[in-house]
Amino acid sequence: VQLQASGGGLVQDGGSLRLSCAASGRTFSGYVMGWFRQAPGKEREFVSYISRSGGRTDYGGSVKGRFTISRDNAKNTVYLQMNNLKPEDTAVYYCAAGLTPGIYDALYGYWGQGTQVTVSS
């Protein structure tokens, strides 16, 4: 499956962005979808995942209550709505697809190219 992330940009502290990740190739609904992020000089960090049907989600502690993941299997797209953004959310955000839900990046075999999110203070 090929993944294309979009929607990143520059936003002020407290602002919102919605990231999208469009999938092509194999059956999108057969994959767990995840979002990860990586800030300069830091390791890649789990942000969120959503199950195949969308019925199960999980979030990293630093984004819980502010970010919402969703998916539209008819459109082969997963979304990440990010509200109340903070400067520490600044990172490159990656979408990923895998077969097993979880917070570890090793579970995801397919990755998009990343989209930059910058939050100014």
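Strands (E, at least two residues) and helices (H or I, at least four) are taken as DSSP runs and numbered from the N terminus. The structure is a predicted model, in which local features require pLDDT of at least 70 and side-chain atom pairs are counted only at pLDDT 80 or more, while totals for chains, interfaces and linings use all residues. Residues are numbered from 1 along each chain as its sequence is written, and side-chain values use heavy atoms, with hydrogens and water left out.

A search of the whole structure finds 4 salt bridges, a salt bridge being a side-chain nitrogen of Lys or Arg within 4 Å of a carboxyl oxygen of Asp or Glu. One of these joins Arg37 to Glu45, with 2.8 Å between the closest N and O atoms. Relative accessible area is classed as buried (under 20%), exposed (over 50%) or partly exposed (in between), with a 1.4 Å probe and protein chains only. Arg37 is buried because its relative accessibility is 5%, whereas Glu45, at 31%, is partly exposed.

Asp89 also forms a salt bridge with Arg37, and here the closest N and O atoms are 2.9 Å apart. This pair links distant parts of the chain, since Asp89 lies in the loop between S8 and S9 and Arg37 in strand S4, 52 residues apart. Asp89 is buried, with a relative accessible area of 0%. A further salt bridge connects Arg66 with Asp89 at 2.7 Å between the closest N and O atoms. Arg66 is in the loop between strand S6 (57-59) and S7, and is 23 residues from Asp89 along the chain. The relative accessible area of Arg66 is 9%, so this residue is buried. Through shared partners, the salt bridges join Arg37, Glu45, Arg66 and Asp89 into one network.

The side chain of Asp89 also has a polar atom 2.8 Å from the backbone nitrogen of Lys86. A polar contact is a pair of N or O atoms within 3.5 Å; within protein, one must be able to donate a hydrogen and the other to accept it, and residues adjacent in sequence count only if both atoms are side-chain atoms. Contact in general means heavy atoms within 4.5 Å. Apart from residues up to four places away in sequence, Asp89 touches Arg37, Arg66, Phe67, Asn84, Val117 and Val119. Asn84 is likewise found in the loop between S8 and S9. Its phi is near 50 degrees, a positive value in a residue other than glycine, and Asn84 is partly exposed at 42% relative accessible area. Asn76, in the loop between strand S7 (67-72) and strand S8 (77-82), has a positive phi of about 55 degrees although it is not a glycine. Asn76 is partly exposed, with a relative accessible area of 29%.

Rings of Phe, Tyr and Trp (its six-membered ring) pair if their centres lie within 6.5 Å, and planes under 30 degrees apart count as stacked, over 60 as edge-to-face and the rest as tilted. By this rule the count comes to 5 aromatic pairs. The rings of Phe36 and Phe46 have centres 5.7 Å apart and planes at 70 degrees, so this pair is edge-to-face. Phe36 lies in strand S4 (residues 32-38) and Phe46 in strand S5 (residues 45-50), so the pair ties together parts that are 10 residues apart in sequence. Phe36 and Tyr108 form another edge-to-face pair, at 5.3 Å centre to centre and 70 degrees between the planes. Here strand S4 is linked with strand S10, the two residues being 72 apart along the chain. Phe36 is buried at 2% relative accessible area, and Tyr108 is buried at 4%. Ring pairs link Phe36, Phe46, Tyr49, Tyr108 and Trp111 into a cluster.

The C-alpha atoms of Phe36 and Gly114 are separated by 9.2 Å, with their positions 78 residues apart along the chain. Gly114 lies in the loop between strand S10 (108-111) and S11 and is buried, with a relative accessible area of 15%. Leaving aside neighbours within four places in sequence, Gly114 is in contact with Val92, Tyr93 and Tyr94. Thr115 lies in strand S11 (residues 115-120) and is buried at 10% relative accessible area. A polar atom of the Thr115 side chain lies 3.1 Å from the backbone nitrogen of Gly8. Beyond four places in sequence, the contacts of Thr115 include Ala5, Leu19 and Ala91.
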